[in-house]
Amino acid sequence: MAFSPCQPIMGSVRSLLAGPSRRPAHLLANISGSSLTASIRPRLFSTAPLRSERIPFPRHHHRQQPLFFTPSFQRTHGASTFFTPSHRFSTAAGSGAGAGAAEAIPPFPTGDASPPVVIPRSLPYWLFGCSALVFGIIVIGGLTRLTESGLSIVEWQPITGILPPLTKEDWDAEWEKYKVSPEGILTNSNIEMDDFKKIFFMEWAHRIAGRALGVLFVVPTIYYMSRYRLPRPLPTKLLVLGLGIGLQGVLGWYMVKSGLDEQIVTDKAVPRVSQYRLAAHLTAALALYIGMVQTAIGIRGDLRTANVLRSGSAESRLASERFREILANGAVKRFKITSHIALSMVLLTAISGAFVAGLDAGLVYNEFPTMGGRLMPPTDELLDKRYAKRADQSDVWWRNIFENPVTAQFDHRLFATATFTVLVSLPFLARARSLRNVLPRATRNWANLTAAAAVTQVTLGITTLLYLVPIPLAAMHQAGSVVLLTCLMGLAGSLRRPGKAVEALRRGLVDIRTKRR
């Protein structure tokens with residue numbers, strides 16, 4: 001009998017049309033959709049007998065949903081919605097393998113239970129971005145002072161002053177206000193409108209950058225504090241930084257107001273802001289920058305430590321224990337203290353530089369390392385009695401320090417020399433016998449980078465002095481001080497202990513594991 005390719009198909013159809021007792025078992029499992037087609041198609045051109053093995057259905061294992069994309073209908077404890085990636089570390093994220101990792105995440109607690117402690121991964125990067133904006137504002141502020149543009153806007157309008165003058169009438173009104181200011185009367189009485197626009201836009205850019213910083217900091221802070229339960233020290237730090245931004249704006253106007261005093265016109269003095277207020281303004285800016293960078297470094301370090309707790313691997317635990325042993329080393333503790341002292345010295349030197357800038361002290365004794373052919377100027381110039389305002393001249397010493405250009409420059413030289421000596425010694429201290437094989441590689445790299453930044457900063461300072469304070473060099477010199485602070489914060493951050501946030505995350509993780517059991 002001749003074989004026909006259609007016989008297997010017809011036989012299968014007839015068996016299907018027959019009663020249940022005559023249906024092949026393998027067709028009961030493939031009676032629907034593509035499974036039937038897939039089981040029949042291989043036999044169209046085959047003479048092999050029809051096998052009776054059963055094609056199993058795919059098994060749907062009940063696995064734990066990944067935290068990165070959790071469906072929105074599954075409101076898990078600490079998990080995100082489908083459209084919101086969980087870019088954060090939460091105490092709800094289970095750790096471990098095997099049965100513990102396959103457990104279902106407990107539902108979000110109700111009643112009096114508090115939500116889990118969460119550190120968004122985007123938070124430190126946001127703080128780094130805000131600190132970069134502060135860095136730019138400090139540079140713009142230095143350019144504003146060097147170009148003598150800080151007194152071009154004689155009013156402080158935080159809301160309405162966002163937009164510059166747009167029409168000719170608006171520019172004429174601003175120019176008339178400037179003409180009756182001390183600087184407009186004594187210094188720039190003959191400038192044209194185009195020159196006025198240049199200094200106006202320089203000061204306006206400085207102010208608008210400060211407003212942008214306020215918005216870019218306050219709005220995300222409100223979001224993070226309302227959306228997440230942050231570790232307890234972190235909300236306080238964010239609030240302090242936000243208040244610091246507001247204080248910086250008030251100090252800025254307080255400084256500018258000192259250069260608009262009518263007494264300057266009466267005394268026919270040089271129209272400039274108070275060096276005390278200028279130093280306070282710069283100090284507040286540097287403190288704000290340090291606070292943002294250190295907070296960001298701390299959060300990033302806590303996130304890394306929390307990830308170690310989350311992974312629970314033996315290698316991670318060994319690395320964590322090794323780092324704790326390094327921090328407990330006496331030589332490492334002394335090196336860390338030295339880095340903090342160096343940071344304080346750089347900050348003090350930068351503040352003394354603010355007095356040099358406010359008094360135009362860079363325009364006297366334009367030589368180095370001597371001052372008038374001597375390492376130290378004459379005593380009657382350093383302690384000039386004309387700066388004393390009390391009858392008994394008891395204030396002569398401190399008034400010369402803060403009001404005498406010669407003394408201000410000499411003090412800045414002393415601070416800079418001492419700070420430079422400490423900074424360039426950091427790489428050699430890191431290579432000492434007691435630290436050579438102990439310090440992490442990141443710490444040694446930061447020490448080398450700090451020394452290189454110190455050499456660059458001193459070179460810029462000396463060049464600025466010798467060339468009578470040209471604007472590009474002076475602006476880079478001011479920016480170099482912020483770079484030095486950044487390097488030292490990175491150095492100190494490489495030896496930072498885990499903060500309280502890690503302990504809060506660990507406690508929350510233990511509590512959730514206890515509830516699962």
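A salt bridge is counted where a side-chain nitrogen of Lys or Arg lies within 4 Å of a carboxyl oxygen of Asp or Glu. The structure examined here is a predicted model. Across the whole structure, a search returned 11 salt bridges.

One of these pairs R324 with E321, with an N to O distance of 3.6 Å; because the cut-off is 4 Å, the contact qualifies. Both residues belong to helix α12 (residues 314-328), where they stand 3 residues apart, about one turn of the helix. E321 is partly exposed, its relative accessibility being 42%.

A second pair consists of R496 and D302, whose closest N and O atoms are 3.1 Å apart. R496 is located in the loop between α18 (471-493) and α19 (500-516), whereas D302 is part of helix α11 (residues 275-311), so this salt bridge ties together parts separated by 194 residues in sequence. The two partners fall into separate accessibility classes: R496 is partly exposed, at 27% relative accessible area, while D302 is buried, at 5%.

R399 and D395 form a further salt bridge, in which the closest N and O atoms are 2.6 Å apart. Here R399 has a relative accessible area of 15% and is classed as buried. D395 is likewise buried, with a value of 0%. The pair belongs to a network in which D395, R399 and E403 are joined by salt bridges that share partners.

Notes: Residues are numbered from 1 along each chain as its sequence is written. This is a predicted model: local features need pLDDT of at least 70, side-chain atom pairs count only at pLDDT 80 or more; totals for chains, interfaces and linings use all residues. Side-chain values use heavy atoms; hydrogens and water are left out. Helices (H or I, at least four residues) and strands (E, at least two) are DSSP runs, numbered from the N terminus. Buried means under 20% relative accessible area, exposed over 50%, partly exposed in between (1.4 Å probe, protein chains only).
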